Amino acid sequence: MWWKEAVIYQVYPRSFQDTNGDGVGDLEGVRRRLPYLKSLGVDALWLSPFYKSPMKDFGYDVADYCDVDPVFGTLQDFDRLLEEAHALGLKVLVDLVPNHTSSEHPWFLESRASRNSPKRDWYIWRDSPGRSITGRRRPPNNWRSFFGSSAWTWDERRGQFYMHTFLPEQPDLNWRNPATRMALLDTVRTWLARGVDGFRLDAIKHLVEEGRTQVHTAATHDWLRDFRAAVSS
């Protein structure tokens, strides 16, 4: 397993090299620096998120897992980067964000549209248990997000709360739903078919909640085993 001993260099495209003068680094900038990275003794590149995103959390709020945000370039730019990296003997890992999507992802837009939507349980939705003495809807529990506020946000259209471990613009996916799992694996297969060599999984310890436990649960480890088997097949 090459990754056990490889020197892996993380590239944050936004701040790496800007080639079109818009003040933001891009995939073309990474491609141009591949020989330099090779000269450092790097074996593999880990690319931080470059997917389509509203950029509420610098790309970790993904609106399309299978496309490049225009600020970073195009899929053709990615393919060229990948081809030239492989020609230099460099492997390429891409950041995968499975815990949550952007609230602008089509999956979430469909999920919040109706309680009868085909994707109604692709995210974690809960009813309010009632109202506080001030008249505000009470969230399902007292869980807090990593940004200090409640981990639950009320959605007026759906008439329920949705869970978010991070920003309200990053709703958590429901990994107990087999359809959600299959959709994410389809995304993974898309990138493998393009030729990527592996994935770095973001915020993976938060994936599947169990009761009051939100990190490193048995269900999360089960998901990881299934993910590894699917990627390796």
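A salt bridge here is a side-chain nitrogen of Lys or Arg within 4 Å of a carboxyl oxygen of Asp or Glu. Keep that in mind, please. By that count, the structure holds 15 salt bridges. And one caution before we go on: this is a predicted model.

Let's take some of those salt bridges one by one.

Start with R31 and E84. Their side chains meet in a salt bridge, at 2.9 Å from N to O. Look at where the two partners sit. R31 is in helix α1, residues 27–32. E84 is in helix α3, residues 75–87. The two are 53 residues apart, and the pair links distant parts of the chain. Which of them is buried, and which is partly exposed? R31 counts as buried, because its relative accessibility is 12% and the cut-off for buried is under 20%. E84 has a relative accessible area of 28%, so E84 is partly exposed.

This pair does not stand by itself. Which residues are joined into one network by salt bridges that share partners? They are E28, R31, R32, R80 and E84. So R31 and E84, the pair we just met, both belong to that network.

Next, K52 and D67. Here the side chains meet at 3.3 Å, N to O, again as a salt bridge. K52 lies in strand β3, residues 51–52, and D67 in strand β4, residues 64–68. The pair therefore ties together parts that are 15 residues apart in sequence. K52 is partly exposed, with 31% relative accessibility.

One more bridge: D202 and R200. The distance is 3.0 Å, N to O. Buried or exposed, where does D202 fall? D202 is buried, at 11% relative accessible area. R200 is partly exposed, at 26%.

Now, pockets.

How much space lies in the largest pocket? About 490 Å³. It is lined by 14 residues. Closest to the centre are W3, G198, F199, R228 and V231. Two elements give two or more residues to this lining: β9, residues 198–201, and α6, residues 218–232. The largest share comes from α6, with 5 residues. What about chemistry? By class, the lining has 10 nonpolar, 2 polar and 2 charged residues.

On to the second largest pocket. Its volume is about 280 Å³. The lining here has 22 residues, and the closest to the centre are I124, R126, N174, R176 and E209. Which elements each supply at least two lining residues? β6, residues 125–126, and β8, residues 160–163. Sorted by class, this lining has 11 nonpolar, 4 polar and 7 charged residues.

Let's move to the surface, and to the start of the chain.

M1, W2, W3 and I8 make a nonpolar surface patch of about 410 Å². You have heard one of those names already: W3 is also among the residues closest to the centre of the largest pocket. W2 sits in the segment before β1, residues 8–11. Why can W2 be part of a patch at all? Patches are made of residues with over 30% relative accessible area and no salt bridge. W2 has a relative accessible area of 31%, so W2 is over that cut-off. W2 counts as partly exposed.

For the opposite case, go to L184. L184 is in helix α5, residues 178–194. How much of L184 is accessible? Its relative accessible area is 0%, so L184 is buried. Look at Y65 as well. L184 and Y65 are 119 residues apart in sequence, yet 8.6 Å apart in space, C-alpha to C-alpha.

Last topic: backbone angles.

Two residues to find on your screens. F58 has a positive phi of about 55°, although F58 is not a glycine. Where is it? F58 is found in the loop between β3 and β4. Those are the strands that hold K52 and D67.

The other residue is H216. Its phi is near 50°, again a positive value in a residue other than glycine. H216 is placed in the loop between β9 and α6. Both of those elements help line the largest pocket. Is H216 buried or exposed? H216 is exposed, because its relative accessible area is 52% and exposed means over 50%.

To recap, remember three places. The network of E28, R31, R32, R80 and E84. The largest pocket, with α6 giving 5 lining residues. And the nonpolar patch of M1, W2, W3 and I8.

Terms used: Residues numbered from 1 in each chain as written. Predicted model: local features only at pLDDT ≥ 70, side-chain atom pairs only at ≥ 80, totals over all residues. Heavy atoms only, no water. 1 Å grid on protein atoms, 1.4 Å probe; cavity = no way out; pocket = protein on both sides within 12 Å on 5 of 7 lines; lining within 4 Å. Points joined across faces, edges and corners; volume = space filled by probe spheres on them. Helix = DSSP H or I, 4+ residues; strand = E, 2+ residues; numbered from the N terminus. Nonpolar A, V, L, I, M, F, W, Y, C, P; charged D, E, K, R; others polar. Patch = residues over 30% accessible without salt bridge, like charges linked within 9 Å, V, L, I, M, F, W, Y side chains within 5 Å. Areas by Shrake-Rupley, 256 points an atom, 1.4 Å probe, with all protein chains shown as cover. Buried < 20%, exposed > 50% of the residue type's maximum accessible area, 1.4 Å probe, protein only.
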